[in-house]
Each structure stands twice: as C-alpha cells, then as structure tokens.
Amino acid sequence: MEQAVQKQRIFSGIQPTGNLTLGNYIGALRNFGILQDEYDCLYSIVDLHALTVRQNPAELRKACLRTMSIFLASGLDPEKNIIYFQSQVPAHAELSWVLNCYTYMGEMSRMTQFKDKSAKHADNINCGLFTYPVLMAADILLYQTNLVPIGADQKQHLEIARDIAERFNGVYGDVFVVPDGYFPKVGARVMSLQEPTRKMSKSDPEDTYIAILDKPDIIRKKLRRAVTDSENSVVFDPENKPGVANLMSILSALSGMSMEEITAQYDGQGYGKFKDAVADSVIATLEPIQKRYEEISADKAYLQQVMDSGSERASAIAHKTMLKVRKKLGIAPWKL
Ligand code: TYM
C-alpha cells in the first residue's frame, strides 16, 4: 500500500498595518497561493508585531480583518491552509521569551530593519522593536517550518531565525527544523514609485505605493506619475535606470514576460505606452481580488469561522513544539 507522504511545512506572516501593497502581493502573498497545494501551510496576520509601533485600537481591529479578507480574496483556501491571527496563539509570545534568552544583543543591534525603524520612530524605540526578529523566529520555529515565502527585505530576519534554531539545537539536540527562505524570481524587492532606490512600503506616503485595494483609475494615475528617467529606453538596468527597472520587474512578475520580451515590445515608443501596459497588468491582477474582497469582507460570520478554526488548528501544532521545548529546558509541566 502506498504510504501518505508528509507534506513539507510553510509558515509566513504579514503585518496588518496600513494598506497591503503590490510589494506585499508580488513578494509574498502571491507565492502563498502558488504554494498552497504542495505544502502544509500556515499564514498568519502578525498582530503582535504591529504593536512595536503605536496603533489606534479601532484602526488596528479594522486593519486585522482587512488583512484576513485580502488573504482570502487573493485565493488562499482556509480549508487547505491555516489562516489565523498570531495573538490568538499564545505560544508565539511564550516561545519568543524562551528564544530571547538564546539571542544576543549584538545580533539584534545589527538588524537593518531595527536601525531603519528606530530612525523613523525616534520617540518610541521600545524593547519590542529591538527583539522583533526573535518573535519572528518564534513564529517560524513553533511550527517546525521547512520553507518561508518572503520578500528580500526579510532575508536578514530569516537568517537570524536559522542562527537561533541552530544554536538551540546545538545545546538541546534536534528540537527545531532549520527553515529555508523562498523568494520570488522577479519582484523580491518591489521599489517605491517615487524613489525607486527604496523599497515600496505601506508606511510611506500614498503616491509611492500601489495598494492591493487601489481602484483602477488610481493605479493608472500612480503608475503614470512613477519616476523614470529622460532616456525613453525600456531596458533592464537597475543600477542606472532604477525606475524603469522597477516597472519592468512588476510587469514581468505579473505577466510572465521576460525582460527581453518587454524591451522588444516597448522600447523606443515613449514611456507612456509602457506605463499603460504596466497599469493594465496590475489592474488585471488586482481587480478580481478586489471584487472577491468586497464579498468576503462583508461576511462577518465567515471571517469569524476562519479565525476560530485557524487559531484552533495552529494552537494544536504549536502546543506539540512547546511541550518538546519545555521538556528540553526542564521547565514545567512535569509528571510528579
Ligand atoms: P511585512 O508585513 O512588512 O511584509 C509582508 C511580506 O511582504 C514582503 N514585502 C515585499 N516584497 C517585495 N517588495 C516589497 N516592496 C515588499 N514589502 C514587503 C515582505 O518581505 C514580507 O514577506 N516581519 C515580517 C512579518 C513576519 C513574518 C514572520 C514573515 C512576522 N513573522 C514569520 C515570515 C515569517 C514583516 O514585517 O513583513
């Protein structure tokens, strides 16, 4: 008889702050959907991470539900995947504390995201911001994750998660699976439309990013205004032509065209036509998601059910890892 093969496990998370962007979609969310058939997947709305920056509670609640609705609207099937809120599984915070004791101050202070964020929020450089990557390591290691689909900006955090896992395993034996990253071939770093040497970020001004929920006319307007150069050549040269290279990457990621094909089709015809083609492909991708989003976000009973079932299923897996960790560490519960 054929034996059922245990699927490899995937974990990834997205912060529920602000508007999810085209960068989040191309860098992560789209891969979540592509991987859901082949892997055993957990996709989390990481609301505890969002607390590292001051949030308005009513806004945060709305943003959490909006993010879950976008996950579902982008095609993630809650039967196949575990979709849940990080804060509903207390083991994330618990393991994070344990791993804090196996992480060094020096490692955390080298994290570029910590440096960037503490410059941005100079009035609130809290300990949570500092140990943010440890909570992220806990998210991943809690589920014995094999593969983590993320954008390039999270690579450094994944490396530290691997280091922490290896360090812990070095002391206690094979407790954690050491995870690998999974990055998109094109679009691992979608750049700002106004400053194409910086990554597209949902915490930057609105004209610098395309939100997944932006309506078609807004998308077209933002792309027409995207910074390019004065050369009028559609050639992939990220160093010297970062604006054009970024738009080419977006078009390539969404349409499957290679850079050479894009050059052959749009070079020498003015940037207007090229930008319109980028807008067409972005709109064709996002419009169906937006339609499903309208239906899903209105169905509160459905969202509640996804939320409850997700946290229950995630908790069961997390519990197993925590029992193992507790046993290795020598902390309760014991059988007396
Ligand atoms: P977050 O919420 O900033 O982003 C979510 C995902 O989107 C990717 N991404 C991008 N990809 C390409 N181009 C961009 N401009 C772009 N902007 C964002 C991110 O790489 C990420 O994959 N710390 C994480 C959330 C997290 C997590 C985890 C991820 C917490 N725990 C465990 C994986 C595993 C974050 O802030 O992502």
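A residue is called buried here when its relative accessible area is under 20%, exposed when that value is over 50%, and partly exposed in between. With a relative accessibility of 4%, Gln290 therefore counts as buried. The model discussed in these paragraphs is a predicted one. Gln290 belongs to helix α12, which spans residues 271–298. A polar atom of the Gln290 side chain lies 2.6 Å from the backbone oxygen of Asp214, so this buried residue has a polar partner within the 3.5 Å limit used for polar contacts.

We can turn next to the ligand and its surroundings. The ligand sits in the largest pocket. Three elements each give two or more residues to the shell around the ligand, namely β1 (9–14), α1 (22–35) and α7 (127–141). In total, 26 residues surround the ligand. The closest of these are Tyr132, Asp139, Gly151, Asp153 and Val190. By residue class, the shell divides into 12 nonpolar, 10 polar and four charged residues.

Polar backbone atoms of the protein also come within reach of the ligand. A nitrogen atom of the ligand is 3.2 Å from a polar backbone atom of Gly23. A ligand nitrogen likewise lies 2.8 Å from a polar backbone atom of Val190. On the oxygen side, a ligand oxygen atom is 2.8 Å from a backbone N or O atom of Gly151. Taken alone, the ligand exposes 710 Å², and the protein buries 97% of that area.

Gly151 deserves a closer look, as one of the residues closest to the ligand. Gly151 is found in the loop between β4 and α8 (155–172). Its relative accessible area is 9%, which is under 20%, so Gly151 is buried. Along the chain, Gly151 and Tyr25 are 126 residues apart, while their C-alpha atoms are separated by 9.6 Å.

Two leucines in helices provide further points of reference. Leu60 is part of helix α3, residues 57–73. The relative accessible area of Leu60 is 13%, and Leu60 is therefore buried. Between Leu60 and Asp47 there are 8.4 Å from C-alpha to C-alpha, with the two residues 13 apart in sequence. Leu254, in turn, is found in helix α10. Leu254 is also buried, at a relative accessible area of 16%. The C-alpha atoms of Leu254 and Gly173 are separated by 43 Å, and the two residues are 81 apart along the chain.

The backbone geometry holds a few features to note. Most residues other than glycine have a negative phi, and most peptide bonds are trans. Against that background, Gln144 has a positive phi of about 50° although it is not a glycine. Gln144 is located in the loop between α7 and β4 (147–149). At 18% relative accessibility, Gln144 falls under the 20% limit and so counts as buried.

Asn232 is another non-glycine residue with a positive phi, in this case of about 60°. The loop between α9 (216–224) and α10 (242–255) is where Asn232 is placed. With 39% relative accessibility, a value between 20% and 50%, Asn232 counts as partly exposed. Finally, the peptide bond from Ala332 to Pro333 is cis, with omega near 10°. Pro333 lies in the segment after α13 (300–329).

Conventions
Residues are numbered from 1 along each chain as its sequence is written. This is a predicted model: local features need pLDDT of at least 70, side-chain atom pairs count only at pLDDT 80 or more; totals for chains, interfaces and linings use all residues. Side-chain values use heavy atoms; hydrogens and water are left out. A residue is near a molecule or strand if one of its heavy atoms lies within 4 Å of it. A polar contact is a pair of N or O atoms within 3.5 Å; within protein, one must be able to donate a hydrogen and the other to accept it, and residues adjacent in sequence count only if both atoms are side-chain atoms. Accessible areas come from the Shrake-Rupley method with a 1.4 Å probe; for residues, only the protein chains shown count as cover. On a 1 Å grid over the protein atoms alone, a cavity is a set of points where a 1.4 Å probe fits but cannot get out, and a pocket is an open set with protein on both sides within 12 Å along at least five of seven lines; lining residues have an atom within 4 Å of a point. A molecule sits in a cavity or pocket if more than half of its atoms lie within 2 Å of its grid points. Helices (H or I, at least four residues) and strands (E, at least two) are DSSP runs, numbered from the N terminus. Ala, Val, Leu, Ile, Met, Phe, Trp, Tyr, Cys and Pro count as nonpolar, Asp, Glu, Lys and Arg as charged, and the others, Gly among them, as polar. Buried means under 20% relative accessible area, exposed over 50%, partly exposed in between (1.4 Å probe, protein chains only).
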